Structures are given as structure tokens and as C-alpha cells.
Amino acid sequence: MIEMRDVGFGYHGQAELLSGMTLTLQQGMFHFLTGPSGSGKTTLLRLCFADLLPTSGQMTAFGHDMRGLSRDDIADLRRRVGVVHQDPQFLDHLPLAENVALPLTVASEPVDMEALRDLLGWVQLTQHARTLPPSLSGGERQRAALARAVILSPDLVLADEPTGNLDWDMSMRLMQLLIELNKSGKTVLVATHDLNLIRAAKAQVTARVLRISGGSLQLAGADL
Ligand SMILES: Nc1ncnc2c1ncn2[C@@H]1O[C@H](COP(=O)(O)OP(=O)(O)OP(=O)(O)O)[C@@H](O)[C@H]1O
């Protein structure tokens, strides 16, 4: 679904932060992306949903060359990729349920209230459907962000340090949801620097672990 061949990226004409990246995100597979803080994990994720474009190399997403994307191609790509950002933002004046349904509203699509209720139940936020985002805990915000990321039924789910501010129990609860999504057929890519989280998840799901080091991407060894 996402293919990179010798891809490089540098911000604002600067030297390449990432270079020579060759990667295939395999359909139906669970992937981790790891590497130290500042190594470029968020940058790589942003390339995957065309928030940034490669500065060198070849990259395709769902068969489209990233260099020649039309507005319609970008809209199509964004529908097929659900993103959980590192610090999810919500519209604070709208209750949680409306925030989760926002991608449908923006796409002028009807909200299936039963499906929305099911989704909130899946992320265990039913009791917070009418809660305003500023009153949610960190774990609740992340679960709401995950629900919002999957409401358009994307093929690929990207999560950027989704457990960054959560304690271990809450982190594992969120990982469980991501694993369930993968088991239901979605391709998942989770960026995290937490190797313990990767090890715990790998006890439950077969995962490829990619590591960014020195600006390039490698497959991590079996110890991870
Ligand atoms: N918009 C930007 N303009 C210029 N430089 C940027 C921009 N965004 C990120 N960078 C730089 O690119 C490098 C990689 O950042 P990135 O956020 O991709 O790393 P990361 O691995 O996700 O880090 P962390 O684990 O701390 O979130 C950092 O040095 C960062 O300062």
C-alpha cells in the first residue's frame, strides 16, 4: 500500500534528515517504527499521508506516485489512512461524540448513530459521549483520537507515539485496540521509542519492527 524506493526527505531545502529509505508497508501487517527522539519517526509518518512529500527517490501510496498527486488523489489517500497524532487536537466546544464523527461531517457524509455508538463502546468511551474534550484524561483523549482515526474505515492506521503520555496499563489498553484493528484486517504502523511496549505487543501479534538510525531505515533484529 505504501512503497518507498530510496526515498529522502529534508525540511525547507535543508540537508536530508532521512535518506535512502526503502520500505514496503505490507497489507494486513502490524508495523512498529522506532528510533531515538528526533530521528524522524513523525516525519516518516507524515510522508505516509502526504502531509510531506519526498525530496528524492520514488514513493507510491495505494498505487499513486506521490510526486504527481492531484487534489482528488490526496483526498482519496487521506480517507484510506487514519492518523492518531502524537498530541491529538479536538474542537473543545464540541462533545466527544461530535469530535469523533467530525471526519464524516467534514466529508458531508451522514453519521450512522448506531455505528458511532458501537465505535465509542469499542474504545470504552460510551459514558463520555457528551463530555467536552478538556475534561478528558490523556488515555481517554488517545482512545477518542483512535476512534476518530478509524471512523472512515481506513485501510491503514498510523499512530504517532500514541502511548507517549500514558502509564503502562493505559498504554497496553491502547495497544490492545490497535492489535484488534490489525486482527480485523487493517494495516497498522505505530511509531514509538518504547522498546518494552514493542516487546509486550509482540507477544500478542506478529509485527515488523523498523528502526530509524542515522537518517536511514533498517529492519530491527529478532530481539525486538
Ligand atoms: N517542520 C519542521 N521544520 C524543520 N525541522 C523539523 C520540522 N519538524 C521536525 N523537524 C526536525 O526534524 C527532526 C526529526 O523530527 P521528528 O519529529 O520527525 O522526530 P521523531 O523521531 O518523531 O521525534 P520524537 O520521538 O521526539 O517525537 C528533528 O530534528 C526536528 O527538529
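The following dialogue concerns a predicted model and the terms used to describe it.

Guide: Residues are numbered from 1 along each chain as its sequence is written. In this predicted model, local features need pLDDT of at least 70 and side-chain atom pairs count only at pLDDT 80 or more, while totals for chains, interfaces and linings use all residues.

Visitor: What makes E1 and E2 paired strands?

Guide: Strands are DSSP runs of E with at least two residues, numbered from the N terminus, as helices are (H or I, at least four residues). Two strands pair if DSSP finds at least two bridges between them. E1 (residues 2-9) and E2 (residues 18-25) have five bridges in the antiparallel sense, so they pair under that definition. Met-4 has Leu-23 of E2 as its bridge partner.

Visitor: How do you know that E1 pairs with E4?

Guide: E1 and E4 (residues 56-61) are also antiparallel, over five bridges. In E4, Ala-61 is the bridge partner of Ile-2.

Visitor: Why are Tyr-11 and Lys-41 listed around the ligand?

Guide: A residue is near a molecule if its C-beta atom, placed from the backbone, lies within 6 Å of it. The residues around the ligand include Tyr-11, Lys-41, Thr-42, Glu-161 and His-193, so each of these meets that definition.

Visitor: Which classes make up the shell around the ligand?

Guide: The shell has two nonpolar, eight polar and two charged residues. Ala, Val, Leu, Ile, Met, Phe, Trp, Tyr, Cys and Pro count as nonpolar, Asp, Glu, Lys and Arg as charged, and the others, Gly among them, as polar.
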